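Before the coordinates are used for any set-up, a colleague's reading of the model may be helpful. Please go through the points below with the structure open.

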Amino acid sequence: MRSRKSKKDILIIEDDPRNLKLVRDLLQVSGYSVLVATNGRDGLEIAKKERPHLILMDIQLPDLDGLEAAKILKSIKTTKIIPIIALTAYAMEKDEQRVRNAGCDAYISKPINVKHFLRTIKYHLISK
Ligand code: MN
């Protein structure tokens, strides 16, 4: 069972290589186990198969929009409990509403503030 695993799995769905590397490094250094997808379709497949403890979802993805992917995951019985944190390029109020409407639990705007980023992840992991 999942509770016997010491490390929490976090799935990153992000197409930008630099941002992906930054986020992955930060999470690994912080003791998390990381899964990666670089497009929405792969992200959905990995999420359904692996059921990670949390998903970091980029909004702008090459195929499936990140918000669409979030909506799908929140509509599936086995994945809807997984917290989804959106990664957005803009910190606009309109954006926040869209992110919430898609069922995301939180959002983090880029560029990432490391302290805020790690605190947000920890909060959503333990509140699961
Ligand atoms: Mn992107």
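The numbered points that follow take up the sheet, the helices, the metal site and some backbone details.

1. Basis of the note. This is a predicted model, in which local features need pLDDT of at least 70 and side-chain atom pairs count only at pLDDT 80 or more, while totals for chains, interfaces and linings use all residues. Residues are numbered from 1 along each chain as its sequence is written, and side-chain values use heavy atoms, with hydrogens and water left out.

2. The sheet. Five strands form an open sheet in the order β2-β1-β3-β4-β5, with parallel pairing; strands (E, at least two residues) and helices (H or I, at least four) are DSSP runs numbered from the N terminus, and two strands pair if DSSP finds at least two bridges between them. The edges are taken by β2 (33-37) and β5 (106-109), each of which has a single partner strand, so one side of each is left without a neighbour in the sheet. From one strand to the next, the twist averages 20°. Strand β1 (residues 9-13) runs parallel to β2 and is joined to it by five bridges, with Ile-12 standing opposite Val-36 in β2.

3. Helix α2. This helix (residues 40-50) lies across β1, β2 and β3 (54-58), and runs at about 140° to β2, where axes are lines fitted to C-alpha atoms, for helices over the stretch in contact, and angles run from 0 to 180 degrees between N-to-C directions. Contact means heavy atoms within 4.5 Å.

4. Helix α3. The buried residues of α3 (residues 66-75) are Gly-66, Leu-67, Ala-69, Ala-70 and Leu-73, buried meaning under 20% relative accessible area, exposed over 50% and partly exposed in between, with a 1.4 Å probe and protein chains only. Viewed down the axis of α3, these buried residues fall within an arc of 155°, so they line one face of the helix; the arc is that of the directions from the helix axis to the C-beta atoms. They pack against α2, β3, β4 (84-88) and α4 (93-101). At the N-terminal end, Asp-65 caps α3, with a side-chain oxygen 3.0 Å from the backbone nitrogen of Leu-67.

5. The manganese site. Which protein donors does the manganese ion have? They are Asp-15 (OD), Asp-58 (OD) and Gln-60 (O), lying 2.0 to 2.1 Å from the ion. Asp-15 lies in the loop between β1 and α1 (17-29) and Asp-58 in strand β3, so the pair ties together parts that are 43 residues apart in sequence. Donors here are N, O and S atoms within 2.8 Å of the metal (3.2 Å for Na, K and Ca), and water is not among the atoms, so sites may look incomplete. Asp-15 is partly exposed at 33% relative accessibility, whereas Asp-58 is buried, with a relative accessible area of 2%.

6. Lys-110 and Pro-111. Lys-110 is found in the loop between β5 and α5 (114-126), and its side chain makes a polar contact of 3.1 Å with that of Asp-58; a polar contact is a pair of N or O atoms within 3.5 Å, of which, within protein, one must be able to donate a hydrogen and the other to accept it, and residues adjacent in sequence count only if both atoms are side-chain atoms. The peptide bond from Lys-110 to Pro-111 is cis, with omega near 0°.

7. Arg-51. Although not a glycine, Arg-51 has a positive phi of about 40°. Arg-51 lies in the loop between α2 and β3.
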